[in-house]
Amino acid sequence: MSRFGIQLDLQGNLKHFLTIEGLGRALLTEILDRAEGFLGVAEQTVKKVPLCRGKIVANLFFETSTRTRTTFELAAKRLSADVLNLNIDTSATAKGETLLDTLRNLEAMHVDMFVVRHGESGAAHFIAEHANPHVSVINAGDGRHSHPTQGMLDMFTIRRHKGDFGSLCVAVVGDILHSRVARSQLLALRALGAGEIRIIAPRTLIPAQARTLGARVFHDLREGVRDADVIIMLRLQRERMQGAMLPSEHEYFRLFGLTEERLHTARPDAIIMHPGPINRGVEIDSQVADGRRSVILEQVSNGIAVRMAIMSLCIGTQNLHG
Amino acid sequence: MSDTDLWKTTAEVETCIWGMGRDLAALLQEQRKDAPLMIGIHTGGVWLAQRLHRQLALAEPLGQLDISFYRDDFTRIGVHPQVRPSRLPVSVDDRHIVLVDDVLQTGRTIRAALNVLFDYGRPASVLLAVLVERDGRELPLEPNLVGLRARLAPGEQLKLGGPDPFRLVLGRIPPERGETPAPPS
C-alpha cells in the first residue's frame with residue numbers, strides 16, 4: 001500500500017475509489033474537471049470514446065439498485081469497456097461460494113475493474129485489499145459508510161450551477177444518520193472548501209459525530225434553509241429504520257418535507273437536489289421535485305460523466321503500471 | 001542550444017498564417033466547397049483556426065476538438081490532465097470540413113481527430129490545414145494546406161506559443177523521455 005493509503009498508487013494516482021476521505025482538494029477537482037470533458041460525449045452521434053476499449057468492468061451488486069447500476073453500466077459502455085452485471089443474490093454466493101472465491105473466479109476471467117455495492121460498511125475496501133494488484137475497485141455504496149461517486153456527482157452538479165464552493169451555503173436535509181450519501185457529500189463539501197455546511201434533521205436522525213463533520217446542525221427546516229444556495233434532500237430510508245425513530249411518514253413530511261412555501265427563506269436562485277429515488281410527499285413535495293429549481297434529473301445525467309471520469313482515471317493508473 | 005529556441009518570430013508566423021488564409025480561400029473556391037465548417041484541434045490548432053476563420057469571414061461558427069479521449073497512447077500515459085470539451089456547434093453531416101492543427105508530425109493526432117469527427121456524424125469531405133509540416137510521419141496522412149515545412153533532428157520538437165503573440169519555438173525532448181515514443185503531433 002502506498003503512503004497515500006489504499007486508494008492511491010505510489011505516485012499519488014487514483015487506483016481505487018472507495019471513499020472521499022483522505023482525497024485532497026486537488027484530486028477531487030481533477031475528477032470534476034475531467035467529468036466536464038466527458039459531458040460532451042452525450043452530444044456525439046456515437047456516444048462512445050475508445051479510452052477503455054478491451055477492458056472488462058464487473059458490476060458486483062449485493063444490494064439492489066437501478067439508477068446507480070445503470071449509470072455505472074452506461075459510463076463503462078461509453079468508455080468502450082465490456083460490462084458484466086452480476087446480481088449476487090441469484091448467483092454462486094447463494095450456493096455457498098465465498099466472496100473471495102467469487103472474486104478469484106472473476107479475476108481469472110481477466111476483469112479489470114469491480115464496481116461494488118454492498119450492504120456492509122467496508123465491503124468495497126475489503127475487496128480492494130484482496131483483489132489482484134492490477135484490478136481497480138470502485139465503491140458504489142457500502143452500508144451506511146460511503147457512496148463516493150454519488151458525492152462527486154453532487155459536487156459536479158453544484159459546481160456547474162454555482163461555480164466556486166468557497167462562497168456557498170449548502171444545506172443537507174433529512175436522514176443523515178442512515179445516509180452514506182450524506183457522509184460522502186459532507187466530506188466532499190469540506191474538502192472542496194464549501195463556505196457553510198448545514199445539516200437539517202430530526203434529533204433522532206442525526207449521527208453523534210455530526211459536528212465533527214464540520215456542519216451546523218438545525219432541527220427546523222425553515223430556519224435551516226435560510227439563505228441557502230444549495231438544498232440537498234435525502235431519501236427517508238424506510239428499509240433501514242429500526243425502532244421508533246419517527247412517529248410517521250406523514251408527521252415527517254409535516255415537519256421536514258420540502259415544499260415551495262418552506263423554500264421562501266432560501267436564496268431565490270437556490271437549487272434543489274436529491275440523490276433519488278424520491279419519496280414524493282415524504283421528504284419532498286412534487287411541486288418542488290418537478291419545479292424550476294430542481295436539478296434532480298440533471299444529477300442523473302451528470303452521474304454518467306462523473307463515473308466515466310473516475311473509471312478512466314483508475315484504468316489510466318493501471319495502464320501506467322503496465 | 002538552450003531548451004527552447006525561437007524558430008519563427010511573431011511577424012514570420014503572422015505572415016505565414018495570412019498566406020495560409022489566402023491559399024485556403026483559393027483552394028475552397030477551386031474545389032467548389034461552399035459553406036465549409038472550420039474545426040481546430042486543441043490547443044494550438046484552435047488558435048490558428050480562430051485566425052483563419054476570421055480572415056475568411058466564414059459564416060458558420062468555429063468548431064473545437066479535443067482528442068484526449070481518442071489518443072492511441074492512453075494505455076501508456078493515461079488521460080491528459082487538461083481535457084477541454086469538444087464543441088461542434090453545427091452538425092458535421094454532409095458538410096465540407098477544414099480541420100486545422102498547428103504542427104503535423106506523426107499523424108496520430110489527425111488520426112484521432114478524424115475518429116472524433118466521425119463519432120459526431122458523416123462529413124462530405126475533410127481538408128487538413130497545418131501551420132507546420134515536419135518530418136516523422138508514422139501514418140499515411142498528408143495535409144492539403146501547409147504554412148511552413150521543417151526537417152528537425154531527432155528529439156527536437158516544434159511548439160506553437162500564443163495566441164497573443166504567436167511564436168514558434170524549438171524544444172528538445174529530454175533524453176530519458178526521448179527514448180520512449182514521442183507524443184503524437
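This section describes the pockets, cavities, helix packing and selected backbone features of a predicted model.

The second largest pocket encloses about 670 Å³ of space. Its lining comprises 35 residues, and those lying nearest the centre of the pocket are R67(A), R235(A), P275(A), G276(A) and P277(A). By residue class, the lining of this pocket divides into 14 polar, 11 charged and 10 nonpolar residues. Four helices of chain A, namely α2 (67-78), α5 (148-162), α6 (180-191) and α10 (296-320), each supply at least two residues of this lining, and the largest share, seven residues, comes from α10(A). Both domains of chain A take part in the lining of the second largest pocket, since at least three residues are drawn from domain 1 (5-147 + 301-321) and at least three from domain 2 (148-295).

Two of the residues that lie nearest the centre of this pocket, G276(A) and P277(A), are joined to each other by a cis peptide bond, for which omega is about -10°. P277(A) is located in the loop that runs between β9 (271-273) and α9 (286-289) of chain A. A cis peptide bond is also present in chain B, where G162(B) is joined to P163(B) with omega about 0°; P163(B) is placed in the loop between β7 (156-161) and β8 (167-172) of that chain.

Two of the helices that contribute to the lining of the second largest pocket, α2(A) and α10(A), pack with their axes 8 Å apart and at an angle of about 55°. Because angles from 35 to 65 degrees fall outside the parallel and perpendicular classes, α2(A) is oblique to α10(A), and the crossing of these two helices is right-handed. In the loop between α2 and β2 (82-87) of chain A is found S80(A), a residue other than glycine whose phi nevertheless takes a positive value, near 70°.

A further helix pair in chain A is formed by α3 (residues 99-108) and α4 (residues 123-130), which pack at an angle of about 55° with their axes 11 Å apart. The helices α3(A) and α4(A) are therefore oblique to each other, and α3(A) passes α4(A) in a right-handed crossing.

Turning to enclosed space, the structure holds three cavities of 30 Å³ or more. The largest cavity has a volume of about 80 Å³, and 13 residues line it, of which G37(A), Q44(A), D66(B), F69(B) and S86(B) are the closest to its centre. The residues nearest the centre of the largest cavity thus include members of chain A, such as G37(A) and Q44(A), as well as members of chain B, such as D66(B) and F69(B). The lining of the largest cavity divides into seven nonpolar, four polar and two charged residues.

The second largest cavity has a volume of about 40 Å³, and its lining is made up of L37(B), M38(B), I39(B), P61(B), G63(B), L88(B), P89(B) and V90(B). Strand β2 (residues 37-41) of chain B provides the largest share of this lining, with three residues. The lining of the second largest cavity divides into seven nonpolar residues, one polar residue and no charged residues.

Conventions
Residues are numbered from 1 along each chain as its sequence is written. Chains are lettered from A and ligands numbered from 1 in the order in which they are written. This is a predicted model: local features need pLDDT of at least 70, side-chain atom pairs count only at pLDDT 80 or more; totals for chains, interfaces and linings use all residues. Side-chain values use heavy atoms; hydrogens and water are left out. On a 1 Å grid over the protein atoms alone, a cavity is a set of points where a 1.4 Å probe fits but cannot get out, and a pocket is an open set with protein on both sides within 12 Å along at least five of seven lines; lining residues have an atom within 4 Å of a point. Grid points are joined across faces, edges and corners, and a volume is the space filled by probe spheres set on the points. Ala, Val, Leu, Ile, Met, Phe, Trp, Tyr, Cys and Pro count as nonpolar, Asp, Glu, Lys and Arg as charged, and the others, Gly among them, as polar. Domain bounds come from an automatic or database domain assignment. Axes are lines fitted to C-alpha atoms, for helices over the stretch in contact, and angles run from 0 to 180 degrees between N-to-C directions. Angles under 35 degrees count as roughly parallel, over 145 as roughly antiparallel, 65 to 115 as roughly perpendicular and the rest as oblique. A crossing is left-handed if the near helix is turned anticlockwise from the far one by less than a right angle, and right-handed if clockwise.
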